[in-house]
Amino acid sequence: QSNLPRLPLLCELDEADRACPRCGADMKPLAGEAERSEMIDVVELKYQVVEVARQKYVCGCGGAVETAPGPARAVEGGRYSLRFAIKVAFDKYVAHLPLERQARLMAHHGLNITSQTLWDQCSAVTELLTPTYEALFAELRASPVIGVDQTGWPDLEDTSLPPWQMWCVTAPGLVYHRICDDKSARTFKDLLSDYQGWVVADALGSHEAGARECRGLKLAACWAHVLRRFRDAVVDFSEAQFMLAWIQDLYAIDARATDTRDRARLRSTESRAVTEKMKAWMQGATALKTTSLGGAIRYTLGIWSRLTLFLDDPEIWLDNNRTERGLRGPVIGRRNHFGSKSARGTVVAATMYSLVESAKAAGVDPIAYLVEVAARSKQNPGAVLLPADFKTAA
C-alpha cells in the first residue's frame, strides 16, 4: 500500500507482565529484536467547527484599517469550508453517494445538515470549476481525433418525459460531458459543429446525419462494436471465431508500432491484408440475415467504408473504448442518485463528471485536482487548470 502514510507502533509489555515466569526477575527489552507485521487501520472521520478570527490592523495615522483574509469557502460568507464542499461533491460524483445518504452519515458523526445545504455547496463549487470545464472542451476540440458517445440521464422531476442524454466527448487525457435534451442529429451538430477532425463513434443514424451538417468533421467507426456482435454470434456460430481472431490481429499489429510513422506503414500493409480477408469471408458467408451471425455481418459491411478509414490515417483510433470508459462513472452514479431534478442539476453533474473523469484519464488524483482548481478560481476568478498542467505542477 505505497499510497498510504505509515505510522510506527511499538507494542510493549505492561510492568506487571515483565516478571520472568521462571525466576521472577524483571525482563529487559531485547535490543533490536521485535516481531514485525503490518496492519491497515482507519482514522474515524471527524467534523469540527473552526472558530475563525480575522485579525484587524490599523495604522497609527488613522488612515487605514485592514483585515486579514480568512480561509476559502465555497459560498462567500457561508459556514462551510471550500474543502468541505469539494468533499461533498467528490463523494457524490466519485463515490456515488446521494446527498441524502451523505446527510445521514454526517449526522452519525455529529454534524446536522440538510441535503439542500449539501446541494448548495456542490452548486457553488461548480461555479468555481466552470472556467476549467469550458477550457477543457476547447482543449479537447483541438485534438485530431475525438470519441463521441451518449447515455440516458433521468429527469427526476418529470418521469413522464424522455430522459435527458449525457453526451461524452473524449481525447487522450480529456473527458467532457454535457447533458442535453436528446441524442438527435441537431444536438450532435450543436456540440461539434466547429470541430475539425476525426470523430470515432458508433453507427447511430443521428451521428451520421449530424456529421453531414458539420464541415470539416469526418466520421470513423468503432471496431469494438463489431467485436461485440461477433462475440455474441460465436455462441451459436463457431465460424464467427474467424472474425474475432482477425479483429485481434488488427490490435496486435497496432501494438507493434513504435511511432506514428511505423503505425501508418503497418496499417497500410499488414492491417489492410487482414481487412481484405475479413471482407472476402463475410461476402462469402451464407448465414441468414435474421441470425446473430447474419446480423453481425450485415452491420459490419454496412459501415465498412468507415471501419477501414484507419488504414489510411494512423491517427484514427481502432475503437471508442476511451469514451465508453468516460461514461462508466456517470452510469454508476445514475444507479445510485438516479439523475437530476433540474436543468441546473444537469450542469452541475456534467461539470463535476467532466473534471473527475478527466483527472482519472490523466492519472491525477481527482479530489486533489478539484481542490486545486477551485482554490485557484477562488483566488483568481476565471483561472483555468487542466489535468495535464496539474500533473506537471505536481
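**Figure 1. A look inside the largest nonpolar core of this predicted model.** This core has 68 residues. Ile146, Val148, Phe188, Leu192 and Val199 are the members with the most contacts inside it. Helix α3, spanning residues 115–140, supplies the largest share of the core, with 11 residues. Another core lies apart from this one and has 38 residues, including Ala233, Ile253, Met282 and Leu318.

**Figure 2. Ile146 and the residues around it.** Here we zoom in on Ile146, one of the residues with the most contacts inside the largest nonpolar core. Residues up to four places away in sequence are set aside in this view. Ile146 then touches Leu140, Val169, Thr170, Ala171 and Leu192. The list of its contacts also includes Tyr195, Trp198, Val199, Val200 and Trp317. Two of these partners, Leu192 and Val199, are themselves named among the core residues with the most contacts.

**Figure 3. Confidence along the predicted model.** The mean pLDDT of the protein is 94. A value of 70 or more is reached by 100% of the residues. Where is confidence lowest, and where is it highest? The lowest value belongs to helix α14 (residues 387–393), with a mean of 87. The highest belongs to helix α7 (residues 241–255), at 98.

**Figure 4. The largest pocket and its lining.** About 1300 Å³ of space lies in this pocket. Its lining is made of 28 residues. Leu7, Pro8, Leu9, Leu10 and Ser37 are the lining residues that lie nearest the centre of the pocket. Sorted by class, the lining has 16 nonpolar, nine charged and three polar residues.

**Figure 5. The second largest pocket, with help from two helices.** This pocket holds about 780 Å³ of space. It is lined by 24 residues, and those nearest its centre are Gln48, Arg79, Tyr80, Ser81 and Phe84. Helices α1 (82–93) and α13 (366–379) each supply at least two lining residues. Which helix gives the most to this lining? It is α1, with four residues. By class, the lining divides into 15 nonpolar, five charged and four polar residues.

**Figure 6. Two loop residues with a positive phi.** Neither residue in this view is a glycine. His96 has a positive phi of about 60°, and its place is the loop between α1 and α2 (99–108). Is His96 buried or exposed? With a relative accessible area of 12%, His96 counts as buried, because that value is under 20%. Phe338 has a positive phi of about 75°. Look for Phe338 in the loop between α11 (321–337) and α12 (343–361).

**Figure 7. Ser271, a buried serine in helix α8.** Helix α8 runs over residues 260–284, and Ser271 is found in it. The relative accessible area of Ser271 is 0%, so this residue is buried. With neighbours within four places in sequence left aside, Ser271 is in contact with Leu250, Ile253, Leu266, Phe310 and Leu311. One of these partners, Ile253, is also a member of the core of 38 residues.

**Figure 8. Thr260, a partly exposed residue of helix α8.** Thr260 is found in the helix that also holds Ser271. Its relative accessibility is 35%, so Thr260 counts as partly exposed. Beyond its neighbours up to four places away in sequence, Thr260 touches Pro314 and Glu315. Thr260 and Pro314 are 54 residues apart in sequence, and their C-alpha atoms are 6.1 Å apart in space.

**Figure 9. Ser193, in the loop between α4 and β6.** Helix α4 covers residues 185–192 and strand β6 covers 197–200, with Ser193 in the loop between them. Ser193 is partly exposed, with a relative accessible area of 37%. Not counting residues up to four places away in sequence, Ser193 touches Cys214 and Arg215. The C-alpha atoms of Ser193 and Leu217 are separated by 7.9 Å, although these residues are 24 apart along the chain.

**Figure 10. Ala185 in helix α4.** Ala185 is partly exposed, with a relative accessible area of 25%. When neighbours within four places in sequence are left aside, Ala185 is in contact with Ser206, Ala209 and Gly210. The C-alpha atoms of Ala185 and Ser143 are 22 Å apart, and these two residues are separated by 42 residues along the chain.

Definitions and conventions. Residues are numbered from 1 along each chain as its sequence is written. This is a predicted model: local features need pLDDT of at least 70, side-chain atom pairs count only at pLDDT 80 or more; totals for chains, interfaces and linings use all residues. Side-chain values use heavy atoms; hydrogens and water are left out. A nonpolar core is a set of buried Ala, Val, Leu, Ile, Met, Phe, Trp, Tyr and Cys residues joined through side-chain atoms within 4.5 Å. Buried means under 20% relative accessible area, exposed over 50%, partly exposed in between (1.4 Å probe, protein chains only). Contact means heavy atoms within 4.5 Å. pLDDT is the predictor's confidence in each residue, from 0 to 100. On a 1 Å grid over the protein atoms alone, a cavity is a set of points where a 1.4 Å probe fits but cannot get out, and a pocket is an open set with protein on both sides within 12 Å along at least five of seven lines; lining residues have an atom within 4 Å of a point. Grid points are joined across faces, edges and corners, and a volume is the space filled by probe spheres set on the points. Ala, Val, Leu, Ile, Met, Phe, Trp, Tyr, Cys and Pro count as nonpolar, Asp, Glu, Lys and Arg as charged, and the others, Gly among them, as polar.
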